Amino acid sequence: MAIGLAATLATGLLGACSSSGDGGDDGQVTLTVGVFGQFGYEEAGLYQEYMDANPHIKIQQDSITENKDYIAQLLTRLSQGSGLADIQAIEVANIADMAGDLNTRWVDFNEYEDVDTSHFAPWKLVQSTSADGRLIGLGTDIGPTAICYRKDLLEEAGLPTDRDELGALWAGDWTAYIEAGEQFQENAPDGVSWVDSPGGVYNGVVSSYEERYYDGSGELVYETSEAVQAAWELGVRTEESGLSTRQKQFTPEWERAMANGDFATISCPAWMLGYIQEKAGDAAEGLWDAAPAPVPSNWGGAFVGVPEAGKNHEEAVKLAAWLTAPEQQAKLFTERGSFPSSLEAQSTPEVQDATHPYFEGMPMGEIFSGAAAEIPPTIIGPRDQLIQEAFADGLLQIAQQGESPDSAWSNTLSRIQNALDE
C-alpha cells in the first residue's frame, strides 16, 4: 500500500511474545500490526475507531521504512515461526512468494465464515490465493497511476499547467511524456529537473503492462519482456537527456529533493499523494496537481495477512476483515489517498467525488477511478520485487556512476541471475 504518512518508524517488528498472546485476566487482547512505509491506518484513525467499538482490543502498529528491509525480516520470522505480528502487511511484489511455497505459514481466510470477500476486485483475490485455494491475504489497495506535477515549476518553464492539457499532451505515449520533459528542461528553473528518478520513470512505464517479469505460465521472461525493454529505454533516455535528480526513490536524499522542489513531475500512484503531502510539506501546499498518466498503470498495492504462528487468530482475522471492508477502504482513500481494491468501495460517492485539499481540491476520485478502470491485471511472480528493484538500481548506476547503458543492462541481468540462483 505504502500510503498514509508520518507513520512511526521502528527498527523491527514487534515480537509475538511481547505484544501478542492471549488476552489477560481482564479480557484485554493486544493485537500487533506490522507494516512497511506509510500505510495510513493509524493516521486515518482506523485503529482508534476499531478500539472504540471493541473496548477489549488494543492495537499496536510497527512500521519499517523500506519494504526490502521489512520483507527480509518478515521472511526470516516466518521461517522461524516466531517474532511475528498478529497481522502483517504484504506488498504486491511479494504476494506470489507468500501464496506460493509459504502459503501454509498464513491463515486461510476462507475458513472464516464472517470474512466477506465478495466486494474485492476478482484479480486481487487471485493474486493472494494459493494453487490449492487458500486465501492468505485480503487486499488493502491498488496503485492506479497519474503524473503529479508542480504547477509553479511548469509555468516557469512555459509548459501548460492545466491537468487536462497536460494529459492530452502525452496521452497514450510515455515517450511523449519524456519529450515534454526535454522541452521543460530547456527553460527549467535553475536546479530543477523534470523527474525525481530514472527508477520512477521505469516503474511507471513497466507497470502499464500485463506481462513484465513472468508470463502467464509462470516462466521468467524479463530478459525479452516488451515491458522491461520499453521501461528501460525510457529510463536511459531520461538520464541521457539530463531529466532527473538522479536520486533513488524513498531515500532521505529523495525526500529532501521533494521538499526542496528539485523536480517538477513524478510517476504518481494514488498512494504517492501522501508521500508528497508529507515530504513536500506546508510550503508546497496548493502547488501540486495531477494529470492522467500517458498509459494507465498499476504500480503497487498491498494485502494484510494473519500468520499461522500468531496466538490471536480469531481477533486478528476480524480486524483484518474490518480494515479491508469497503467502508474503511473508502475512508482510507479520502483521508490518505490509498485507492480501494474493493469494487464496492470504488463505486461509492465518497471515492468517486473525492478531492484532495493539499492539491488545491484536485479531483483525485475522478482521476484515479478513471485510471483504475483501465489498468491491466498484472501477472505477479515470486521474485517480482527483486527483479523490479534490480532494473531500477541498474538505471541508477547510469545516473550516479556514469556506467554505460549497455554495461548497466548486462550487469543488471547478471545481478538478477545471481540473486535468483541463491
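**Exercises on the two largest pockets**

The lining of the second largest pocket comprises 11 nonpolar, nine polar and one charged residues (Ala, Val, Leu, Ile, Met, Phe, Trp, Tyr, Cys and Pro count as nonpolar, Asp, Glu, Lys and Arg as charged, the others, Gly among them, as polar). The model is predicted, with local features needing pLDDT of at least 70 and side-chain atom pairs pLDDT 80 or more, while totals for chains, interfaces and linings use all residues. Residues are numbered from 1 along each chain as its sequence is written, and side-chain values use heavy atoms, without hydrogens and water.

**Exercise 1.** State where the second largest pocket lies with respect to domain 1 and domain 2.

*Solution.*
1. This pocket (an open set of 1 Å grid points where a 1.4 Å probe fits, with protein on both sides within 12 Å along at least five of seven lines; lining residues have an atom within 4 Å of a point) is lined by 21 residues.
2. Ala96, Val126, Gln127, Thr129 and Ile380 lie nearest its centre.
3. Both domain 1 (29–142 + 301–353) and domain 2 (145–297 + 383–421) contribute to the lining, so the pocket lies between them; the bounds come from an automatic or database assignment.

**Exercise 2.** Describe the lining of the largest pocket.

*Solution.*
1. Of its 40 lining residues, Glu91, Asn203, Phe250, Trp299 and Glu389 lie nearest the centre.
2. By class, 13 lining residues are nonpolar, 17 polar and 10 charged.
3. Domain 1 and domain 2 each provide at least three residues of this lining.
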